[in-house]
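Visitor: Could we go through this structure together? I should like to begin with the helices.

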Amino acid sequence: MKNKTVRIIICVVAVLVVMMSFSMTAFAAGDVAGAIEQTWNTAKGQVQSVVNNVVFPVVDMILAILFFVKLGTAYFDYRKHGQFEFAAPAILFACLIFTLTAPLYIWTIL
């Protein structure tokens with residue numbers, strides 16, 4: 001039992017020594033934050049146009065469809081049980097309003 005633990009400790013120490021001898025510290029050359037900001041400023045127009053013209057309309061369409069389907073199912077549940085459930089249609093409507101107005105202010109936040 002003692003020999004096994006000694007062998008494991010020796011193996012772990014050997015692996016750590018080999019790993020430390022082959023590793024090297026990497027330093028960034030130059031201004032990394034400036035490079036990231038420059039890349040974002042270069043691509044910002046393209047990202048904004050894709051998000052405003054593709055992503056938001058797709059999300060809006062999905063939320064609109066879900067809202068009207070949920071509104072219909074809530075109405076049929078109302079006719080069946082006599083109680084109208086407002087929570088799910090209200091949440092979907094709030095999300096729809098949020099995504100419809102998001103292109104107006106989202107780029108000033110980012």
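**Helix packing and aromatic pairs**

Guide: H2 passes H3 in a left-handed crossing, meaning that the near helix is turned anticlockwise from the far one by less than a right angle. Helices here are DSSP runs (H or I, at least four residues), numbered from the N terminus. This is a predicted model, in which local features need pLDDT of at least 70 and side-chain atom pairs count only at pLDDT 80 or more, while totals for chains, interfaces and linings use all residues. Residues are numbered from 1 along each chain as its sequence is written, and side-chain values use heavy atoms, with hydrogens and water left out.

Visitor: Which residues make up the contact of H2 with H3: nonpolar, polar or charged?

Guide: The contact residues divide into 21 nonpolar, three polar and two charged. Ala, Val, Leu, Ile, Met, Phe, Trp, Tyr, Cys and Pro count as nonpolar, Asp, Glu, Lys and Arg as charged, and the others, Gly among them, as polar.

Visitor: Turning to the rings, how many aromatic pairs are there?

Guide: There are six aromatic pairs. In one of them, Phe67 and Phe93 have ring centres 5.6 Å apart and planes at 40°, so the pair is tilted (centres within 6.5 Å make a pair; planes under 30 degrees apart are stacked, over 60 edge-to-face, the rest tilted). Phe67 lies in helix H2 (residues 32–81) and Phe93 in helix H3 (residues 87–109), so this pair ties together parts that are 26 residues apart in sequence.

Visitor: Is Phe67 buried or exposed?

Guide: Phe67 counts as buried, at 11% relative accessibility, whereas Phe93 is partly exposed at 43% (buried is under 20% relative accessible area, exposed over 50%, partly exposed in between, with a 1.4 Å probe and protein chains only).

Technical notes
Helices (H or I, at least four residues) and strands (E, at least two) are DSSP runs, numbered from the N terminus.
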